[in-house]
Amino acid sequence: MPDRIVTIPDSTDEFVLTDRPTHRYRPLPHGLSTSHYTVVPAHQVRTGDVIAAFFSDGPGIRHTEHVPEAFPAHPRAFGAYCPAECQTCEDTHTYGVAADRYVCLDPADERADCVIVFRSTPVAIVPATVAAHFPPLDSTPPLPDLFTLDDAEHGPYEALPVSRSWGPWEAISVTRATAEQIATDLPNTHAGRHLTCRWLHDTLLIASDPRLRTEPGRQGHLIRPDADGRYLIGGLWRWEDWSPPPCPGCSTDTEQINVEGEKVWRCTAPDCTRRTYGTGDPDDDEDLPPYTETDEDGAAIVYHGTGEIDIETTAELAAQSGPQQDDQDADGDDSTD
């Protein structure tokens, strides 16, 4: 679907509605798409409207910043007290701006903090009257939470979403395949350096060095699958929650790839080739390994590690291959004479 530009009353800004990304974004219910979006100021959002996206800063042309998981709005005035005592409300109060300039689009629940924005913030919504004609938002599977070990040296591991009160020493729910990967990685990590993992049919045994056990006669920690075949793993080390680093060029989420044995993160935007180490320091990205791709005409294109074309090297390759091909053609002509 091509981009759609919309405007709203009392604003000279233009809002560019783009297709919803697929990587690390929960799909909308079947049949619902960005064609059903409309843009309104936050104070005009009504109960049941689906919050789908916000926008880049203005003024001028403002691009869509999709919400990873669209959610139904439950707007209320922003007050001095948050029943959930969430971090977002606490941070908002520290700004010292009058409370009546804000609106809460959705109060905190067991998974997320309150959604607090300025009353004038433009929001892309699906009106409740429109959303009622489509399946509910929870008809699509939720996005998994991601966890790692040893400052992201191992992982990430996909798990069912955890609650807002979840702590890093608690268990996460994973599939059998993910449990097997954790069992392989754990003994090689700093966090699990004193642990061993072994499968007993469908049960995972995690045991510590016998010299470190507080209960010497205990076999270890047995983890059996639940009714859905998932494993609750944790409690013996600290999990670190993780999210994909944003693209330094366009802020889109990245995805992990391996380049010459190194972890590299590649932008998932279709019109961006940016790569990063994900450290947040652009100087680190200068050390990314270069790579070569072949275009549809068979010509080799050399890229810097960051994804920018290495024009000089690509031109040198083209110059080297061109004359060689001409020579071959000339030799072929001589042989036929």
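**Exercise 1. The cavity**

How many cavities of 30 Å³ or more does the structure hold, and which residues line the largest cavity?

*Solution.* Start with the count: one cavity of 30 Å³ or more turns up in this model, which is a predicted one. Next comes the volume, and the largest cavity encloses about 40 Å³ of space. Now look at the wall, which is made by Arg20, Arg26, Pro27, Leu28, Pro29, Ala70 and Leu137. Finally, sort these lining residues by type: five are nonpolar, two are charged, and no polar residue appears.

**Exercise 2. A salt bridge from the cavity wall**

Take Arg26, one of the lining residues of the largest cavity. With which residue does Arg26 form a salt bridge, and are the two partners buried or exposed?

*Solution.* Begin with the partner: Arg26 pairs with Glu69, and their closest N and O atoms lie 3.1 Å apart. Then place both ends in the chain. Arg26 belongs to the loop between strand E2 (14-17) and strand E3 (38-41), while Glu69 sits in strand E5 (residues 61-72). The bridge thus links distant parts of the chain, with the two positions 43 residues apart. As for accessibility, Arg26 and Glu69 are both buried.

**Exercise 3. A further partner for Glu69**

Where in the chain is Arg111, which also forms a salt bridge with Glu69, and why does Arg111 count as partly exposed?

*Solution.* First the contact: the closest N and O atoms of Arg111 and Glu69 are 3.4 Å apart. Arg111 is found in the loop between strand E7 (102-106) and strand E8 (115-118), 42 residues from Glu69 in strand E5. Now for the accessibility. Arg111 has a relative accessible area of 37%, so it is partly exposed, as that class runs between 20% and 50%. Glu69 has 18%, so it is buried, the limit being under 20%.

**Exercise 4. Arg274 and Asp285**

Why do Arg274 and Asp285 count as buried, and where does each lie?

*Solution.* The two side chains meet in a salt bridge at 3.6 Å, N to O. Arg274 is in the loop between strand E19 (262-267) and strand E20 (275-276), and Asp285 is in helix H4 (residues 282-285), eleven residues away. Arg274 counts as buried because its relative accessibility is 18%. Asp285 does so because its value is 3%.

**Exercise 5. Joining the pairs**

Which residues are joined into one network by salt bridges that share partners?

*Solution.* The network consists of Arg26, Glu69 and Arg111. For the wider setting, a search of the whole structure gives six salt bridges.

Methods:
Residues are numbered from 1 along each chain as its sequence is written. This is a predicted model: local features need pLDDT of at least 70, side-chain atom pairs count only at pLDDT 80 or more; totals for chains, interfaces and linings use all residues. Side-chain values use heavy atoms; hydrogens and water are left out. A salt bridge is a side-chain nitrogen of Lys or Arg within 4 Å of a carboxyl oxygen of Asp or Glu. Helices (H or I, at least four residues) and strands (E, at least two) are DSSP runs, numbered from the N terminus. Buried means under 20% relative accessible area, exposed over 50%, partly exposed in between (1.4 Å probe, protein chains only). On a 1 Å grid over the protein atoms alone, a cavity is a set of points where a 1.4 Å probe fits but cannot get out, and a pocket is an open set with protein on both sides within 12 Å along at least five of seven lines; lining residues have an atom within 4 Å of a point. Grid points are joined across faces, edges and corners, and a volume is the space filled by probe spheres set on the points. Ala, Val, Leu, Ile, Met, Phe, Trp, Tyr, Cys and Pro count as nonpolar, Asp, Glu, Lys and Arg as charged, and the others, Gly among them, as polar.
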